[in-house]
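Student: I should like to learn how to read a protein model. May we go through its features in turn?

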Amino acid sequence: MPAAAPALRALVEPPGRYTASFAIQGLARLRAADAAVALRTIVEQRQRDEALVVESIRALGAMRDAGSARALVALASDGGADVRLRVEAVNALTSIGSADVTDEAIDLILDAQPLVRAAAMRLLATADPETFLRTLSGLDADADWGVRAGLAEALGGLPDGAGVPRLRTMLRDGGSIVKVAYSLTLRGAPPLLCCRFATALMA
């Protein structure tokens with residue numbers, strides 16, 4: 001265990017928001033296994049300041065702590081939780097990269113919240129690319145442009161160009177703004193940049 005970990009873990013406990021936030025970031029960089037337990041507790045209880053819960057979720061993702069996957073899945077699947085926290089949980093699961101969340105990711109693709117659906121596209125594409133493509137074949141185009149842009153990002157990140165055929169179909173069928181994101185992805189631009197560019201056009 002890194003020598004600084006106990007001290008940083010102690011700093012997470014006091015009620016002060018900023019000290020705890022810096023401590024959480026430090027623990028994420030150290031990747032200490034026992035530190036993940038403390039961060040997981042913050043996520044599970046959700047009793048601290050929301051910003052600290054977000055920091056803890058991001059830290060678990062940065063640590064790629066597979067032991068936290070169940071806690072993150074529980075938060076991501078909680079329809080009564082704050083949407084921002086749910087999206088952060090899905091993003092952390094994507095960073096962890098566990099294939100054990102495939103079923104949950106499929107469920108989240110059908111979630112009522114567009115932000116969650118978009119994040120779930122990226123999660124399933126990372127966790128199980130083959131299942132991701134099979135799942136898409138049974139889905140209609142999402143009515144939300146942000147979800148379609150998230151789908152473009154997920155497809156653009158698939159290995160060996162596996163997402164290109166679907167991207168070409170979407171480029172023919174999509175709205176003009178989303179077409180820009182798809183077009184940029186097909187030309188080799190980073191998928192995240194494409195989606196941010198589309199977002200800028202929508203502003």
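Tutor: The dialogue below takes up the overall fold, the salt bridges, a helix and the nonpolar core. Please keep in mind that this is a predicted model.

Student: Let us begin with the fold. How many helices and strands does the chain contain?

Tutor: One starts by listing the elements of secondary structure. Here the chain has 13 helices and zero strands. Read from the N terminus, the order is therefore α-α-α-α-α-α-α-α-α-α-α-α-α, where each α stands for a helix.

Student: What percentage of the residues in the chain is buried?

Tutor: Burial is judged by relative accessible area, and a residue under 20% is called buried. Of the 203 residues in the chain, 44% are buried. The accessible surface of the chain is about 10100 Å², and carbon and sulfur atoms hold 54% of that area. As for contacts in the chain with a separation of 6 or more, 58% of them join residues 24 or more positions apart.

Student: How many salt bridges does a search of the whole structure find?

Tutor: The search gives seven. For each pair, one may ask which side chains meet, where they lie and how exposed they are. One of the seven joins Glu50 and Arg84, with a distance of 3.6 Å from N to O. Glu50 belongs to helix 4 (residues 50-63) and Arg84 to helix 6 (residues 83-96), so this pair links distant parts of the chain, 34 residues apart. Both partners are partly exposed: Glu50 has a relative accessible area of 33%, and Arg84 one of 42%.

Student: Which side chain meets Asp142 in a salt bridge?

Tutor: The partner of Asp142 is Arg117, at 2.8 Å from N to O. Asp142 sits in the loop between helix 9 (129-137) and helix 10 (145-156), while Arg117 is part of helix 8 (residues 114-127), so the bridge ties together parts 25 residues apart in sequence. Arg117 counts as buried, because its relative accessibility is 12%.

Student: With which residue does Glu153 form a salt bridge?

Tutor: Glu153 pairs with Arg122, and their closest N and O atoms are 3.5 Å apart. Since Glu153 is in helix 10 and Arg122 in helix 8, the pair ties together parts that are 31 residues apart in sequence. Here the two partners fall into separate classes: Glu153 is buried at 17% relative accessible area, whereas Arg122 is partly exposed at 21%.

Student: Let us turn to a single helix. Which residues of helix 7 are buried?

Tutor: A useful approach is to mark the buried positions and then look down the helix axis. In helix 7 (residues 102-109), the buried residues include Thr102, Ala105, Leu108 and Ile109. Seen along the axis, the buried residues of helix 7 fall within an arc of 120 degrees, so they line one face of the helix. The face turned away from that buried side carries the exposed residues Asp103 and Asp107.

Student: Against which helices do the buried residues of helix 7 pack?

Tutor: They pack against helix 5 (69-76), helix 6, helix 8 and helix 9.

Student: Which residues of the largest nonpolar core touch the most other members?

Tutor: In soluble globular proteins, nonpolar side chains tend to be buried together. In this model the largest nonpolar core has 46 residues, and Ile57, Leu72, Met121, Phe132 and Leu155 touch the most other members. Helix 8 gives the most to this core, with nine residues.

Student: With which residues is Met121 in contact, leaving aside its neighbours within four places in sequence?

Tutor: The contacts of Met121 beyond those neighbours are Ile109, Phe132, Leu136, Val147, Gly150, Leu151 and Ala154. Among them, Ile109 is also one of the buried residues of helix 7.

How values were computed:
Residues numbered from 1 in each chain as written. Predicted model: local features only at pLDDT ≥ 70, side-chain atom pairs only at ≥ 80, totals over all residues. Heavy atoms only, no water. Helix = DSSP H or I, 4+ residues; strand = E, 2+ residues; numbered from the N terminus. Buried < 20%, exposed > 50% of the residue type's maximum accessible area, 1.4 Å probe, protein only. Contact = heavy atoms within 4.5 Å. Areas by Shrake-Rupley, 256 points an atom, 1.4 Å probe, with all protein chains shown as cover. Salt bridge = Lys/Arg side-chain N within 4 Å of Asp/Glu carboxyl O. Arc of directions from axis to C-beta. Core = buried A, V, L, I, M, F, W, Y, C linked by side-chain atoms within 4.5 Å.
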